[in-house]
Amino acid sequence: MTTIAVIGLGTMGLGIAQTYAAAGFAVLATDAVPEARETALGRLRAGLAPRVRAGKLAQADLDAILARITVVDGPKAMGATDLAIEAVVERMPVKQSLFAALEAVVAPDAVLASNTSSLSMAAMAEGLARPERLLGLHFFNPAPVMKLVELVAHPGTGAAALDRARRLTEAAGKTVIPCPDRPGFIVNRCARPFYGEALAMLEEGRSAAEIDAAMQAAGYPLGPFGLIDLVGADINLAATESLAAAMEGHPRYHVFDALRRQVASGDLGRKTGRGFLYPDEPGPAPKD
Ligand code: NAI
């Protein structure tokens, strides 16, 4: 049976684990924080319970999804994986040392993938014994709902790894789009001015609520601040800083103080219970 490993059971990792398990794959899951490991299956159950109550998911199917996920102590217990996807903090050294630990235990043809929003895959591959098996698989939030997965090759990524990652991810119902190994790939790069102009207006004195109300009335499913609350202000800041550095301070990628202050305040959005708008204006519930 094909086995997917997921490392990091926060906002994204939990959703990625659910996505592959729902498609019938065996999933090994872990997190560096014991509490995150202990609560992972309970959080997934709680997240899916409303769909069971609404008659959109059978209780037996929920149980089957959870039964396919095995929470393990750490990367050392993930040797049996065919595709390992990391969704840990957006910091290059953390991701690199995780891949070094995985390389020591997985089969030679196992694929290693990063869910990074903005880091260079070429830089991430440096130091790996087999850089040809590293690639980016960038899911969007919420991972079980959003169709798009950006597939990112660095110059040394091999065709076999790309083919396997694409096949397994399409089998999980996703639309896989190849992207250049450039800062922000496609979607996060296009999204920077969307956030940036909203943050500029906030600094000019407009409120987050009125900016989002205008954008939603214009047809966007979420306004820029609702989206930051969903993604996490810390993740948004990390992606913006990473793009600003890679683009050598080009004004299109300016890092606004309003975003830095939000992160410093600790009100990161849904994951901390408070954000620019959340919980006052939670935005639309995720679709099925
Ligand atoms: P998060 O902060 O919700 O979760 C990160 C998890 O990783 C935490 O549970 C943490 O304990 C764990 N962790 C940290 N270091 C670890 C290590 N060395 N080994 C194992 N577990 C470790 O973060 P989130 O939002 O899930 O983001 C994770 C990655 O996904 C980042 O690279 C981010 O840029 C990317 N991403 C985030 C999106 C979002 O909307 N939040 C969207 C797409 C990508």
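Student: Which residues of α8 meet which residues of α9?

Tutor: In this predicted model, A208, I211, D212 and M215 in α8 meet P224, F225 and G226 in α9. Sorted by class, the residues of this contact are five nonpolar, one polar and one charged.

Student: How should the packing geometry of α8 and α9 be read, and at what angle do they pack?

Tutor: An angle of 65 to 115 degrees counts as roughly perpendicular. Helix α8 (residues 208-217) and α9 pack at an angle of about 105°, and their axes are 7 Å apart. Therefore α8 is roughly perpendicular to α9.

Student: At what angle does α7 pack with α9, and how far apart are their axes?

Tutor: For helix α7 (residues 187-203) and helix α9 (residues 224-231), the angle is about 115° and the axes lie 9 Å apart. That value makes α7 roughly perpendicular to α9. In addition, the crossing of α7 past α9 is left-handed.

Student: Which residues form the contact of α7 with α9, and how does this contact divide by class?

Tutor: From α7, the residues F194, Y195 and A198 meet P224, F225 and I228 of α9. The class count for the contact of α7 with α9 is six nonpolar, no polar and no charged residues. P224 and F225 of α9 thus appear in the contact with α7 and also in the contact with α8.

Student: Into which domains is the chain divided, and how far apart do their C-alpha centres lie?

Tutor: The division gives domain 1 (3-179) and domain 2 (187-272). Their C-alpha centres are 26 Å apart. Seven residues from domain 1 and eleven residues from domain 2 take part in the contact. On the side of domain 1 that touches domain 2, one residue is nonpolar, four are polar and two are charged.

Student: Where does the ligand shell lie with respect to the two domains?

Tutor: The shell around the ligand lies between domain 1 (3-179) and domain 2 (187-272), because both give residues to it.

Student: Which residues come nearest to the ligand, and which elements supply at least two residues of the shell?

Tutor: There are 28 residues around the ligand, of which G8, G10, M12, S117 and N141 come nearest. The elements α1 (11-22), α4 (92-103) and β6 (134-139) each supply at least two residues of the shell. Among the contributors, α1 gives the most, with three residues.

Student: How do the residues of the shell divide by class?

Tutor: The shell around the ligand has 15 nonpolar, ten polar and three charged residues.

How values were computed. Residues are numbered from 1 along each chain as its sequence is written. This is a predicted model: local features need pLDDT of at least 70, side-chain atom pairs count only at pLDDT 80 or more; totals for chains, interfaces and linings use all residues. Axes are lines fitted to C-alpha atoms, for helices over the stretch in contact, and angles run from 0 to 180 degrees between N-to-C directions. Helices (H or I, at least four residues) and strands (E, at least two) are DSSP runs, numbered from the N terminus. Angles under 35 degrees count as roughly parallel, over 145 as roughly antiparallel, 65 to 115 as roughly perpendicular and the rest as oblique. A crossing is left-handed if the near helix is turned anticlockwise from the far one by less than a right angle, and right-handed if clockwise. Two residues are in contact if their C-beta atoms, placed from the backbone, lie within 7 Å. Ala, Val, Leu, Ile, Met, Phe, Trp, Tyr, Cys and Pro count as nonpolar, Asp, Glu, Lys and Arg as charged, and the others, Gly among them, as polar. Domain bounds come from an automatic or database domain assignment. A residue is near a molecule or strand if its C-beta atom, placed from the backbone, lies within 6 Å of it.
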